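Trainee: I'm new to this one and would like to get my bearings. Could we go through it together, step by step?

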Amino acid sequence: MDAQEYAQLVNEAYTNDGLPAYYSESQLAEIARLGKGTDWQDELYRTALSQTYQLTFSGGDDKTLYAIFGGYLNQQGIIINSDFKRYSLRLNLDRQISATFKIGTHLSGSHTLNKTPPTDSGGESGVSNGALKMNPIMTVYSDKEAGEYTQVNIPGILIPNPIATAKEQVFDNATSRFLGDMYAEWEFLPDLKAKVSVGADIMYLKSNSYTPSTIYQAQGQSKATVSVNRSINWLNKNILTWNKEIHGIHTLNILGGFTIQRNNIEAVSATASDFVNDIMKYNNLGAGSIYGQPTSKAEEWSLLSYLARVNYSLYDKYLFSANARIDGSSRFGSNNKYGFFPSGSLAWRVTEEEFMEPVKDLLNNLKVRVSYGFTGNTEIGVYESLATLANDGWVIGNQLVSGFYPNKIPNPDLKWERTGQFDVGIDMGFWNNRLRITTDYYRKETRDLLYNVVIPTTSGFDSMLRNIGSVEIKDLSFL
């Protein structure tokens, strides 16, 4: 609504409640001279531009291949004072040391800068929500020359000035990330290869926020927060592979090995408020008069897996595959760290049979397949199977003291959530795969669901994570 429509609606709401009209006749006349008033969405949003640059170098010889990629992205947000920048660099390098030995690496790094005002659609400080609901009779500034903003929406729901929030409140996030791996592959016997690789995903995130005392959210007291998160996730793979073709009839691929993965996370956050001025923003928390309680955390999880796979093909039309995994996770109880997950499949390429030759121009692909296997779920958070402590404060002898209390019941029997799935399907391709049809029937059952169950409060706790219940899904699909 424009200013006049809004004033009429407010007066109507007041009189319907038996109250005198909020805007007097003289005020309505003044509002009429405003015309449409303030279009808060027009003040908040803008036409955003973006630019992207990429540069690539690649080359090599009969023993070496390399590629280097560089990139830059600068993207404005459609909300004023918001933008996103990314710098990236990537290297791929493969080197054939000898006829049987090969090494390589894949490295990438990026640095992103993200400036984003609060944009939640429901919430006091959401600028998008505020631009929808702000009174169009009110101006953005109460004193534009002095840079003083109109603070809140009057009358109606309490909403801070979204333009002041977008322009003055600071939310800066900087993320640096490195992804890389190195590998070595050695064919030490005919058809038998060993491959060892080590990779890492390292991420560093710094979040800064500052609320100046000049806007409503500060309530006259500026506030700054600085948070740092660091994550290191590394993975080691050790794989043996044997490929063999026998008399042009049999094709055999056997794979075995183990992998090790570990993730470590650390985070710390600190706040301060009531700064003398807004010059330093979040860059000097020590300049604040009031300090918030700092927070920090550190957590770690690991995964150890043993794996094996056999693929067999007869005449390239009868296919067989068998897989087996043993996965051990630090997240589960001491009695059930490991889970066993086998799977197998059979397939028949019908169109490879001689009796299909007459119809191959029409039906060039017909494959029938069936499979059954198990997978596991470990996503329960860290330390959920252990007895942990939480800290809190109490008043003892008129003094505030800190202490710890048990906040979780241990469950040493906590184990993998296990899903078994049966699938039978048909793949068809017509007219050189111009038309493809896939039909599947599957039945999936998940057992030992990881679920927080309610327990008697006499235990001192409300719930406990356990393996309980099952879920079954059946479906027939056509694609």
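Trainee: Which strands each supply at least two residues of the nonpolar patch?

Mentor: Keep in mind that this is a predicted model. The patch lies on the surface and is formed by L55, F57, Y66, I68, L89 and L93, with about 540 Å² of accessible area together. The strands that each supply at least two of its residues are strand 1 (50-60), strand 2 (64-76) and strand 3 (83-96).

Trainee: Is L93 buried, partly exposed or exposed?

Mentor: L93 lies in strand 3. Buried would need under 20% relative accessible area, and exposed over 50%. The value for L93 is 31%, so L93 is partly exposed.

Trainee: And L73, is that residue buried or exposed?

Mentor: L73 is found in strand 2. Leaving aside neighbours within four places in sequence, L73 is in contact with Q51, T52, F84, K85 and R86. Its relative accessible area is 13%, and the cut-off for burial is under 20%. L73 is therefore buried.

Trainee: Which helix gives the largest share of the largest nonpolar core?

Mentor: That core has 16 residues, and W40, L44, V140, I163 and A166 have the most contacts inside it. Helix 3 (40-44), helix 4 (127-133) and helix 5 (162-168) each supply at least two of its residues. The largest share, three residues, comes from helix 5.

Trainee: Which residues does W40 contact, leaving aside its neighbours within four places in sequence?

Mentor: W40 is among the residues with the most contacts inside the largest core. Leaving those sequence neighbours aside, its contacts are A131, M134, N135, P136, M138, T139, V140, N161, P162 and I163.

Trainee: How many residues are in the second core?

Mentor: In soluble globular proteins, nonpolar side chains tend to be buried together. Here a second core, separate from the other, includes V170, V226, Y282 and L285. Its total is eight residues.

Trainee: What is the radius of gyration of the protein chain?

Mentor: The chain has five helices and 22 strands. For 479 residues the globule rule gives 23 Å, and the chain's value is well over that, so the chain is more spread out than a compact globule. Along its principal axes, the C-alpha trace spans about 100 × 70 × 55 Å. The radius of gyration is 32 Å.

Trainee: What percentage of the residues count as buried?

Mentor: The chain exposes about 28,900 Å², with carbon and sulfur atoms supplying 56% of it. Of its 479 residues, the buried share is 30%.

How values were computed
Residues are numbered from 1 along each chain as its sequence is written. This is a predicted model: local features need pLDDT of at least 70, side-chain atom pairs count only at pLDDT 80 or more; totals for chains, interfaces and linings use all residues. Side-chain values use heavy atoms; hydrogens and water are left out. A nonpolar core is a set of buried Ala, Val, Leu, Ile, Met, Phe, Trp, Tyr and Cys residues joined through side-chain atoms within 4.5 Å. Buried means under 20% relative accessible area, exposed over 50%, partly exposed in between (1.4 Å probe, protein chains only). Helices (H or I, at least four residues) and strands (E, at least two) are DSSP runs, numbered from the N terminus. Contact means heavy atoms within 4.5 Å. Patches are made of residues with over 30% relative accessible area and no salt bridge: like charges are joined within 9 Å, nonpolar side chains (Val, Leu, Ile, Met, Phe, Trp, Tyr) within 5 Å. Accessible areas come from the Shrake-Rupley method with a 1.4 Å probe; for residues, only the protein chains shown count as cover. A salt bridge is a side-chain nitrogen of Lys or Arg within 4 Å of a carboxyl oxygen of Asp or Glu. The radius of gyration is taken over C-alpha atoms; the globule rule is 2.2 Å times the number of residues to the power 0.38.
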